[in-house]
Amino acid sequence: MDWTNGMVEVWATGAPPAQAQTPAQARALAESEAEVLARKVLIGLLKSLRIDSKSTVREALEQQDSGEALLTAILKDAYLVEKSVSIDGTVRVTLAIRLNGAFADLVLPKSIMPIRTVEQSPRKEESFTGLIIDCRGIPLIPAMVPIIVDEEGQVVYGTAYVSRDHALEEGAAAYARGLAKARDNPRVGAKPLTVKGLRTVKARSSDLVISNADAGKIKGAGSNISFLHRGRVLFVME
């Protein structure tokens, strides 16, 4: 699971059946078995992903009765990364899918609505181009739609702040390992605002509390709303 780039990658193997009549048939059957198993693994992994602190993809699909839609999205958007054959004829297939597009549209909360982002005038320079939240040392669990609140519980970033268009295209947020890599990540631009996470919200392991002072920095300039609308938010983990 690559939460930085919004990618899921899985692999599975298929063995050539003993009753195959030709080497070509044996390989074809092994490839078919590997592809079927890889899709099953991919479906299972996607269903286990957290949408937010309250629900997983599996739970959301059950509420919407959208299991067939998930299968359709996977068949449409999953792509072959690698296929290899070992000496004994076993075939290994690696599949990947991005957490955007049809899959994101299927599972993201309907409360994430399209928002028209007002472009900043060239004369009015943006205060910041993105937001980095340093969560190192905090047992944060990644989710597709995390929420940031201040010490009073007021939402600083969440479903009402990000535009659905951007959430579908690039995700509502991303995660990175290490502060240096986060600052170089193009998602947050050249001038990111960096704040420190204090803790997760009680009983919500994917949502984060920041200080009132840092919340004020985010809310302080109207131009900051622009990068929030675009989902230019990056959580730094250990």
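This note goes through the sheets, helices and nonpolar cores of a predicted model.

1. The seven-stranded sheet is open, with mixed pairing and the strand order 6-5-9-8-4-10-7. Strand 6, at 155–157, and strand 7, at 174–177, occupy the edges, and because each has a single partner strand, one side of each is left without a neighbour in the sheet.

2. Within this sheet, strand 9 (residues 204–210) runs parallel to strand 5 (residues 148–149), and two bridges join them. Isoleucine 148 has leucine 208 of strand 9 as its bridge partner, while valine 149 stands opposite valine 209 in that strand. Strand 9 is mostly covered, with five of its seven residues buried.

3. Strand 8 (residues 192–201) is also joined to strand 9, here by four bridges and in the antiparallel sense. Threonine 200 stands opposite leucine 208 in strand 9, so that leucine 208 has a partner in strand 5, namely isoleucine 148, as well as one in strand 8. Strands 8 and 9 form a hairpin with two residues between them, and in the turn alanine 203 has a positive phi of about 65°.4. The largest nonpolar core holds 57 residues, of which Leu46, Leu131, Ile133, Ile148, Ile210, Val233 and Phe235 touch the most other members. Helix 1, at residues 23–48, supplies the largest share of this core, with six residues. A second core, separate from the one just described, has eight residues, including Ala174, Leu179, Ala182 and Val236.

5. Valine 233 deserves a separate entry, since its contacts can be listed individually. Leaving aside residues up to four places away in sequence, valine 233 touches Leu131, Ile133, Ile148, Tyr157, Ala172, Ala173, Ala174, Arg187 and Leu228. Among these, Leu131, Ile133 and Ile148 are, like Val233 itself, listed with the core residues that touch the most other members.

6. The other sheet to consider is an open one of three strands, which pair in the antiparallel sense and follow the order 1-3-2. Its edges are formed by strand 1 (7–14) and strand 2 (79–85), each of which pairs on one side only. On average, and with direction ignored, neighbouring strands of this sheet are turned by 15° against each other. Six bridges connect strand 2 with strand 3 (residues 91–98), the two being antiparallel, and tyrosine 79 has alanine 96 of strand 3 as its bridge partner.

7. Helix 1 packs on this three-stranded sheet, where the helix touches strand 1, strand 2 and strand 3, and the direction of the helix makes about 145° with that of strand 1.

8. In helix 2, which spans residues 57–64, the buried residues are Val57, Ala60 and Leu61. Seen down the helix axis, these buried residues fall within an arc of 95°, and therefore they line one face of helix 2. As background, an α-helix has 3.6 residues a turn, so residues three or four places apart point the same way. The exposed residues Glu62 and Gln63 are carried on the face of helix 2 that is turned away from its buried side. Just after the helix, aspartate 65 takes a positive phi of about 55°.

Terms used
Residues numbered from 1 in each chain as written. Predicted model: local features only at pLDDT ≥ 70, side-chain atom pairs only at ≥ 80, totals over all residues. Heavy atoms only, no water. Pairing = 2+ DSSP bridges. Buried < 20%, exposed > 50% of the residue type's maximum accessible area, 1.4 Å probe, protein only. Core = buried A, V, L, I, M, F, W, Y, C linked by side-chain atoms within 4.5 Å. Contact = heavy atoms within 4.5 Å. Arc of directions from axis to C-beta. Axes fitted to C-alpha atoms, helices over the stretch in contact; angles between N-to-C directions.
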